Amino acid sequence: MSSYLHRSLETLTDRNPSQALFKQAVTEVFESLEPLLHEIPEIEANAILERISEPERQIMFRVTWVDDQGCIQVNRGYRVGFSSALGPYKGGMRFHPSVELDVIKFLAFEQIFKNSLTGLGIGGGKGGSDFDPKGKSDGEVMRFCQAFMSELYHFVGEDTDVPAGDIGVGAREIGYLAGQYKRLTKRFAHGVLTGKQVGLGGSLARKEATGYGAVYFAAEMLATRQDSLKGKHCVVSGSGNVAIYCARKIQELGGKVMAMSDSTGCVHDPAGIDLDIVTALKEVERARISEYSNRRHGSKFFEQQKVWNFPCEVAFPCATQNELALEDAKALLENGCQAVIEGANMPTTPEAIALLREKGTLFAPGKAANAGGVAVSALEMQQNAALQNWSFAQVDDRLKAIMANIHNDCVFYANKYRRTEDYVFGANVAGFLKVAEAVKSYGVF
Ligand code: NDP
């Protein structure tokens, strides 16, 4: 390891002693950059690693709201603006009890490179709260969102910071946040929030974008081995926004989704998952995945089990960070898995990635494979700015082209440094170089 890299990682640990996820995300990117550090001395001379791993701003605030029993509840809100080198901070908000500064920082850091890969002029940010929307009434979710935005609105804006959704934040929550923004500022939230419902200025295909994009990326990867998703058995973890539309596109391209999950366990369906049932359960009824087995003859629910133990050729982790560990990678390999495509952010542990790569499995990191969501968010911003509404097909075509470009960039840099099929390396280098150039060009700030 070069002394500059070593020093940078040591400083990072000293400065963020208890932030394991953030450190994991930074280490993975920085270690990839080693060959560049020798080749491009300006990286060290301009202190790029130090500047790129310290957020430009981190905002934490109290969110006070009243539940249906009339009791006052207190949560904590976060918004981290990590890098505005390429454009306004852009990244989702996560509402989940596990949210803390470490989680938001790792997500915001990943977002910098993901956004850079899209080529769309957006910086990296992320936010959220430890609020749990699960089991809350619509009224409670609305009051929480209003309280959250009552503080956040000071910091967001179309040229500064443009939040979107993530775990626990879908079109319903974005609608409530947009409503409060409008009430407080007397301005439409058009350019300030993305992931809006279409009737509120949202883009067609935004809901589908992350999942579809991951599958477009998978198709590009498989094509490099003269292969495709047609006839492939696939497993998809999660059953939220990313997972559902990932599964739908797999089926459209001729694959068969054998298993899906949520935080309570997974369902396996030998006839292939019926997505109409999953969509009704998750998008309409907000029910648990276990209910699937009551509605579909021949399927089975496995409590607290992951989808990785079922035979498949392609796996799509689409739920949460570090959900695919070393033992899961071993199970996938034993069951004949040939490709893993991350729909979620950092779902695969470093040990699992190392094993999969060693065994020749195609592996697509989330910052490349799940960039379709933020890419269409940027297209939503373009439509809002131009007062236009593009058709589903127009947006979907742009998404497909963006995913193909990201794939090509990854392959280009992997090949350039003789790291054939190393998509982690290719994505990190392609994402980093653009940001580093911008940071240097701005001078010291
Ligand atoms: P959703 O809230 O719509 O769905 C999340 C899914 O993951 C649910 O099925 C949930 O189950 C499951 N899940 C969450 N936490 C855990 C856990 N600790 N253990 C097991 N399962 C869990 O979120 P999204 O689909 O939007 O996001 C999924 C992933 O994709 C996240 O990593 C997110 O950062 C990433 N991502 C999302 C984008 C988007 O556009 N939405 C864009 C890019 C990345 P349960 O309901 O039981 O909690």
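Me: How many of the seven residues of E3 are buried?
Reply: This is a predicted model. In it, strand E3 covers residues 89-95. E3 is mostly covered, and the count of buried residues is seven of seven.

Me: In which sense do E3 and strand E4 pair, and over how many bridges?
Reply: Strand E4 takes in residues 123-129. One position of the pairing is Lys 90, whose bridge partner in E4 is Gly 124. E3 and E4 pair in the parallel sense, over five bridges.

Me: Through which helix does the chain cross from E3 to E4, and what is the hand of the crossover?
Reply: The path is a β-α-β crossover that leaves E3 and arrives at E4. The helix on the way is H6, residues 101-118, and the crossover is right-handed.

Me: Which residue of E5 stands opposite Lys 90?
Reply: E3 is also joined to strand E5, residues 161-164, by four bridges, and these two strands run parallel. Lys 90, which has Gly 124 as its bridge partner in E4, stands opposite a residue of E5 as well. That residue is Val 162.

Me: Why is the pair of Phe 95 and Phe 144 edge-to-face?
Reply: Phe 95 lies in strand E3 and Phe 144 in helix H7, 49 residues apart. Both residues are buried. Their ring centres are 5.1 Å apart, and planes over 60 degrees apart count as edge-to-face. The pair is therefore edge-to-face, with its planes at 90°.

Me: What is the angle between the planes of Phe 61 and Phe 148?
Reply: A search of the whole structure finds 20 aromatic pairs. One of them is Phe 61 with Phe 148, a tilted pair at 5.2 Å centre to centre. Phe 61 is in strand E1 and Phe 148 in helix H7, 87 residues apart in the chain. The angle between the planes is 55°.

Me: Why does Phe 61 count as buried?
Reply: A residue is buried if its relative accessible area is under 20%. Phe 148, its ring partner, is buried with a value of 0%. Phe 61 counts as buried because its relative accessibility is 6%.

Me: Which residues form one aromatic cluster?
Reply: Phe 61 pairs with Phe 148, and Phe 95 pairs with Phe 144. These four belong to one cluster, which also includes Trp 65 and Phe 131. The cluster is Phe 61, Trp 65, Phe 95, Phe 131, Phe 144 and Phe 148.

Me: Which strands stand at the edges of the seven-stranded sheet?
Reply: The sheet is open and its pairing is mixed, with the order E9-E8-E7-E6-E10-E11-E12. Each edge strand has a single partner strand, so one side of it is left without a neighbour in the sheet. The edge strands are E9 (300-303) and E12 (362-364).

Me: Which residue in E9 does Val 267 stand opposite?
Reply: Strand E8, residues 265-268, is joined to E9 by four bridges, and the two run antiparallel. Val 267 stands opposite Phe 301.

Me: Which strands does helix H10 touch?
Reply: Helix H10, residues 241-252, packs on the sheet, and its direction makes about 175° with that of E7. The strands touched are E6 (233-236), E7 (256-262) and E10 (314-316).

Me: Over which ring does the charged end of Lys 249 sit?
Reply: A charge over a ring occurs at Lys 182, whose charged end is 5.4 Å from the centre of the ring of Phe 188. For Lys 249 the distance to the ring centre is 4.3 Å, and the ring is that of Tyr 212.

Conventions. Residues are numbered from 1 along each chain as its sequence is written. This is a predicted model: local features need pLDDT of at least 70, side-chain atom pairs count only at pLDDT 80 or more; totals for chains, interfaces and linings use all residues. Side-chain values use heavy atoms; hydrogens and water are left out. Two strands pair if DSSP finds at least two bridges between them. Contact means heavy atoms within 4.5 Å. Axes are lines fitted to C-alpha atoms, for helices over the stretch in contact, and angles run from 0 to 180 degrees between N-to-C directions. Rings of Phe, Tyr and Trp (its six-membered ring) pair if their centres lie within 6.5 Å; planes under 30 degrees apart count as stacked, over 60 as edge-to-face and the rest as tilted. Buried means under 20% relative accessible area, exposed over 50%, partly exposed in between (1.4 Å probe, protein chains only). A charge sits over a ring if NZ of Lys or CZ of Arg is within 6 Å of the ring centre and within 35 degrees of the ring normal. A crossover is right-handed if, with the strands pointing away from the viewer, the path from the first strand over the helix to the second runs clockwise.
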